[in-house]
Amino acid sequence: MKGALMLSWILIICLSQVAVRSQYYSDTRPYHPKPPKVTNLHFFMHEHTGVTAVVLTQANITSNNSSVTFATLVAVNDPLRTGPEPDSEVIGNVQGISLLAGSNASSTQYIEFGFNTGKFNGSSLSVFSRGEPGLAVVGGRGRFMMAKGTALFNPILINATNVIMEFNFTVVHY
């Protein structure tokens with residue numbers, strides 16, 4: 001009995017030494033964070049209803065007086081252009097989903113703005129926010145690693161078949 005107790009104490013002391021001596025970081029490679037950058041972006045999203053924005057599902061509600069059906073889930077894949085003109089240069093695309101969940105046509109959106117030309121080729125910005133005038137930038141890839149910021153939008157054209165939105169992003173990234 002006395003020998004088992006002594007062995008138990010020796011094991012406890014040995015295990016505590018292992019925990020004390022282990023390290024979760026490296027002394028040989030210190031962390032030197034890059035300074036944050038602020039980038040302002042300006043571009044236009046061109047949406048064609050039924051082509052680049054498609055209703056995936058919709059709630060079966062018969063007593064809705066809103067112009068937009070409550071609980072509608074829409075998938076989007078819209079081109080990003082340098083200007084509001086339909087023939088302006090394509091710089092990327094917007095992909096994601098939008099849930100129309102309010103009686104006043106408000107929406108919650110998860111969308112990613114991907115760039116495939118120029119300085120930001122291969123980079124993207126992720127937005128997860130309510131469809132208010134200012135969207136929250138919650139992340140990014142490529143040159144927009146660890147991005148955060150805001151995206152302000154202004155509707156240029158909205159009709160039955162087309163939507164053109166102007167976006168002004170202010171992004172802090174590393």
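Select Arg 143 to begin, and you will find yourself in the loop between strand S7 (134-141) and strand S8 (148-158). The model you are looking at is a predicted one, and in this model Arg 143 has a relative accessibility of 39%, so the residue counts as partly exposed. Now add Lys 34, Lys 37 and Lys 119 to the selection, since these three gather with Arg 143 in a patch of positive charge on the surface.

Stay in the loop between S7 and S8 for a moment and select Met 146, which has its place there as well. The backbone deserves a look here, because Met 146 is exposed, with a relative accessible area of 58%, and its phi is positive, at about 60°, although the residue is not a glycine.

Next, step back and show the whole chain as a cartoon. The protein has one helix and nine strands, and if you follow the chain along its sequence, you meet them in the pattern α-β-β-β-β-β-β-β-β-β. Of the 174 residues, 31% count as buried, while the accessible surface comes to about 11400 Å², with 61% of it belonging to carbon and sulfur atoms. If you consider the contacts between residues at least 6 apart in sequence, 43% of them join residues at least 24 apart.

Now return to strand S7 and select Arg 141 together with Glu 112, whose closest N and O atoms are 3.6 Å apart and which form a salt bridge. Glu 112 lies in strand S5 (residues 107-115) and Arg 141 in strand S7, so the pair ties together parts that are 29 residues apart in sequence. Side chains of opposite charge can pair when their charged atoms come close. How many salt bridges does the structure hold? The structure holds one. Both partners can be checked from the outside: Glu 112 is partly exposed, with a relative accessible area of 22%, and Arg 141 is likewise partly exposed, with a relative accessible area of 42%.

For a contrast, look for charged residues that are buried. Select Asp 78, whose place is in strand S3 (residues 72-81). Asp 78 is buried yet has no salt bridge, and the nearest side chain of opposite charge, that of Arg 81, is 10 Å away. Leaving aside residues up to four places away in sequence, Asp 78 touches Met 45, His 46, Glu 47, Thr 52, Ala 53, Gly 92, Asn 93 and Val 94.

One of these contacts, Glu 47, makes a good next selection, and it is found in strand S1 (residues 37-48). Glu 47 is buried and has no salt bridge, and here the nearest side chain of opposite charge is again Arg 81, at 12 Å. With residues up to four places away in sequence left out, the residues that Glu 47 touches include Val 76, Asp 78, Thr 161, Asn 162 and Val 163.

For the final stop, go back to the surface and select Leu 56, Ile 97, Tyr 110, Phe 128 and Val 138, which make a nonpolar surface patch of about 480 Å². Centre the view on Ile 97, which lies in strand S4 (residues 90-100). Is Ile 97 buried or partly exposed? Its relative accessibility is 39%, so Ile 97 counts as partly exposed.

Terms used
Residues numbered from 1 in each chain as written. Predicted model: local features only at pLDDT ≥ 70, side-chain atom pairs only at ≥ 80, totals over all residues. Heavy atoms only, no water. Helix = DSSP H or I, 4+ residues; strand = E, 2+ residues; numbered from the N terminus. Buried < 20%, exposed > 50% of the residue type's maximum accessible area, 1.4 Å probe, protein only. Contact = heavy atoms within 4.5 Å. Areas by Shrake-Rupley, 256 points an atom, 1.4 Å probe, with all protein chains shown as cover. Patch = residues over 30% accessible without salt bridge, like charges linked within 9 Å, V, L, I, M, F, W, Y side chains within 5 Å. Salt bridge = Lys/Arg side-chain N within 4 Å of Asp/Glu carboxyl O. Lys, Arg positive; Asp, Glu negative; His and termini not counted. Charge placed at Lys NZ, Arg CZ, Asp CG, Glu CD.
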